[in-house]
Amino acid sequence: MKTEDISLFHRIVETGSLVDAADLLNLPKSTVSRRLQTLEDDLKVKLFHRQSRSMTLTASGSHFYDKTQSILGDLEQTIVELTDTEAEVGGHLRILIFPVPQLPDIVTGIFEFMDHNPDLTVELIVSTEPQDMIRNKIDLAFMVEDSFNENEMVAREMLSEVLYFVASPEYLAKAGTPRLPEELANHNSILFRYPNGRIFNDVPFGNDRTIGVKGNLCLNSIELCLQATLSGRGIAFLPIELTHEYIERGELNILFEDVEPYIGKCYLVYPSRRFISLASQRFIDHMMAALERCNSGRGCAREERLKGSIKSWHSS
């Protein structure tokens, strides 16, 4: 019995079909079917009820899946303990990235990790759409808070960003400038929909309260929210890193400058019910270090420039 066949069995369980598992593993369906049959022959049990369109676990298959999760996890941990921490890793990583303003920093860190581990292959998926990480064999994801189910994920904080309410001078000339948080209810807000389907209409005001907002436009792209704001469609709650150049040019105005800005967070997450591979563990360690350098300003000149811009706006 081969551990890679047990891992293949897990992929079939998680995708629900031989075809989907074969696609994710980039293997012929016949190869996946043959290896599954070999595993069943070795175990002398039937793991699946095979149907025309799907496969469901037998009682024995369900028991085997639950027990082998921890076994595979322990095996990976043992490899980590025995392997030289500087040794290269191989395999394939599928990484989902929410399109945050720090996307270039994240991608730079990923490229550095690939350079250190040339045997590794990587697939990057940039999307705000909901993704079943187990079913789609996504190993790791960079996601903003409130966009994932904390009960199903392990989350490591990676990045933080300052967010302000902003609007164009054209919109404010037409609708007036809100001075109190309660006045936001009388304005058109540009709404954002998270990957998990939730609409972001309870917006942080400072770091100790939230304000309900409403609007006639809902988007799932931060870039489109910015475009809509520049077009005078309403008030938006956006990362300052995304908007600072437009504010400096007078194309956007910061609202409520006297209120402490909200600090949003971006997390590196992975499914809590899947064992984590050696490549994933090494990747997490690398990204924690790389993005810490960026956050502290040692490896990210843009962060330093942004801090200076925020300071100048508040002193003006």
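A contact is counted here where heavy atoms lie within 4.5 Å. By this criterion, in the predicted model, 77% of the contacts between residues at least 6 apart in sequence join residues at least 24 apart. The protein contains 10 helices and 14 strands. Of its 316 residues, 48% are buried. The accessible surface amounts to about 15900 Å², and carbon and sulfur atoms account for 49% of this area.

The buried nonpolar residues were examined next. The largest nonpolar core comprises 61 residues, and those with the most contacts inside it are Ile-106, Phe-142, Phe-165, Phe-283 and Met-287. Strand S6 supplies the largest share of this core, with 8 residues. A second, separate core of 16 residues includes Phe-9, Leu-18, Leu-39 and Leu-72. Within the largest core, Ile-106 is among the residues with the most contacts. When residues up to four places away in sequence are not counted, Ile-106 touches Ile-97, Val-100, Phe-142, Leu-159, Met-287 and Leu-291.

A search of the whole structure for cavities of 30 Å³ or more identified 1. The volume of the largest cavity is about 70 Å³. Its lining divides into 10 nonpolar residues, 1 polar residue and 1 charged residue. Strand S6, spanning residues 153-167, gives the most to this lining, with 3 residues. The lining includes Leu-163, Tyr-164 and Phe-165, together with Phe-205, Gly-206, Phe-237, Leu-255, Phe-256, Val-259, Glu-260, Pro-261 and Tyr-262. Phe-165 thus appears both in the lining of the largest cavity and among the residues with the most contacts inside the largest nonpolar core.

Technical notes: Residues numbered from 1 in each chain as written. Predicted model: local features only at pLDDT ≥ 70, side-chain atom pairs only at ≥ 80, totals over all residues. Heavy atoms only, no water. Helix = DSSP H or I, 4+ residues; strand = E, 2+ residues; numbered from the N terminus. Buried < 20%, exposed > 50% of the residue type's maximum accessible area, 1.4 Å probe, protein only. Areas by Shrake-Rupley, 256 points an atom, 1.4 Å probe, with all protein chains shown as cover. 1 Å grid on protein atoms, 1.4 Å probe; cavity = no way out; pocket = protein on both sides within 12 Å on 5 of 7 lines; lining within 4 Å. Points joined across faces, edges and corners; volume = space filled by probe spheres on them. Nonpolar A, V, L, I, M, F, W, Y, C, P; charged D, E, K, R; others polar. Core = buried A, V, L, I, M, F, W, Y, C linked by side-chain atoms within 4.5 Å.
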